[in-house]
Amino acid sequence: MTETGPLFVSSGDLIADRRYKWALDHVAQGDLDGAADILAQTVELVPCFATAWFALGAIRNRLGDHDGAVAAFGKARDADPDDYHGARLQLARLGAGEAVPAMTQTYVRRLFDQYAERYDAALTEHLDYRGPPLLRAAVEAAMGAAGRRLRFGSMLDLGCGTGLGGAAFRDCVDWLVGVDLAPAMIARAQTKGLYDRLITAALADFLKQEAAEQGTYHLVLAADVFVYVSDLTPIVAGATKVLAPDGVFAFTVETHEGDGVKLLPTLRYAHGENYVRDALGAAGLAPVHLGQAAVRSEKGMPVHSLVVVAQHSSSP
């Protein structure tokens, strides 16, 4: 999805839909002013046309019209309570609305369903993504320091995506379970034949169900997942409930020098180190490894991240 061309959702009005596509033709030709005029007329015709409002906000932003962009993104948000396009995130980026809004399940599912086919190549070839091997090294070091070998009876891969995290640990896991919100990502993971069980579900819902069924895992992994989760506390608490007494919880987060949670210009979240420690402590976990690393690059620059390995506070 480009900033000026959100994934199309029909207004239900044929004329408005045609005007919207006409506006995108103007964008493709470099005529942003003309596109903005057409979209302004389009939303007058159908005021609840969220896709057109979002595109108008993106174009106004490119034109340097901050107030106009905020107004349009606000209309897109109001017309679409599920925030399919991520208008609330754009408003936060522009300094309006909530400072750190949560991503809706609808937005995240759409984002990754759309991204699934090119996900592996984009991360490994263009973003220099190395989260899984960094997690593998951190877990192996933590296990070695405790005098334990790198072997797990069961592993839960939270936000498994296409299976990059599962692939990094498959050789040392007897039973591998993956869960992801996006059906297209699960379908891609299925083709790799890595997982013994794959589930399409929201992470919090799945963890709650697993806890109720007394499911336990010796390793819980979340590689490049929490950059799409604003409040880690419920997820960390849910992961703790399905973690075996001697289990290991390993994850990455993007980070920043301040406290709390910050929405980055990339529309991903960064979590401060103290915030991560507090979320672990509230769930009864303690970090046995918490190190800084560049898990990925963005526009050729390393993205500051944390690689975390935690266990129950009472673990030896």
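Contact here means heavy atoms within 4.5 Å, and the model to which this criterion is applied in the exercises below is a predicted one.

**Exercise 1. Packing of two helices**

Determine which residues of helix 11 meet which residues of helix 12, and describe how the two helices pack.

*Solution.* Step one is to list the contact residues: helix 11 contributes Leu-203, Ala-204, Leu-207 and Ala-211, and these meet Ile-235, Gly-238, Ala-239 and Lys-241 of helix 12. Sorted by class, this contact has 6 nonpolar, 1 polar and 1 charged residues.

Step two is the geometry. Two packed helices are described by the angle between their axes and the distance between the axes. For helix 11 (residues 203-212) and helix 12 (residues 233-241) the angle is about 30°, and the axes lie 9 Å apart. Because angles under 35 degrees count as roughly parallel, helix 11 and helix 12 are roughly parallel to each other. The remaining descriptor is the handedness, and helix 11 passes helix 12 in a left-handed crossing.

**Exercise 2. A salt bridge between Asp-224 and Arg-296**

Locate the two partners of this salt bridge in the chain, and decide whether Asp-224 is buried or exposed and whether Arg-296 is buried or exposed.

*Solution.* The side chains of Asp-224 and Arg-296 meet with an N to O distance of 3.1 Å. Asp-224 sits in the loop between strand 4 (217-222) and helix 12, whereas Arg-296 belongs to strand 8 (residues 285-298), so that the pair links distant parts of the chain, 72 residues apart. For the burial step the cut-off is under 20% relative accessible area: Asp-224 has 7% and is buried, and Arg-296, at 5%, counts as buried.

**Exercise 3. Further salt bridges**

Find how many salt bridges the whole structure holds, and characterise the pairs Lys-192 with Asp-120 and Glu-298 with Arg-268.

*Solution.* A search of the whole structure gives 15 salt bridges. In one of them, Lys-192 and Asp-120 meet through their side chains at 2.6 Å, N to O; Lys-192 lies in the loop between helix 10 (183-191) and strand 3 (197-200), while Asp-120 lies in helix 7 (residues 119-126), 72 residues apart. Lys-192 is partly exposed, with a relative accessible area of 33%.

In the other pair, the closest N and O atoms of Glu-298 and Arg-268 are 3.1 Å apart. Glu-298 is in strand 8 and Arg-268 in the loop between strand 6 (261-263) and strand 7 (269-271), with their positions 30 residues apart in the chain. Glu-298 counts as partly exposed at 25% relative accessibility, whereas Arg-268 is buried at 7%. Finally, Asp-83, Arg-88 and Glu-98 are joined into one network by salt bridges that share partners.

Terms used. Residues numbered from 1 in each chain as written. Predicted model: local features only at pLDDT ≥ 70, side-chain atom pairs only at ≥ 80, totals over all residues. Heavy atoms only, no water. Axes fitted to C-alpha atoms, helices over the stretch in contact; angles between N-to-C directions. Helix = DSSP H or I, 4+ residues; strand = E, 2+ residues; numbered from the N terminus. Parallel < 35°, antiparallel > 145°, perpendicular 65-115°, else oblique. Left-handed = near helix turned anticlockwise from the far one by under 90°. Nonpolar A, V, L, I, M, F, W, Y, C, P; charged D, E, K, R; others polar. Salt bridge = Lys/Arg side-chain N within 4 Å of Asp/Glu carboxyl O. Buried < 20%, exposed > 50% of the residue type's maximum accessible area, 1.4 Å probe, protein only.
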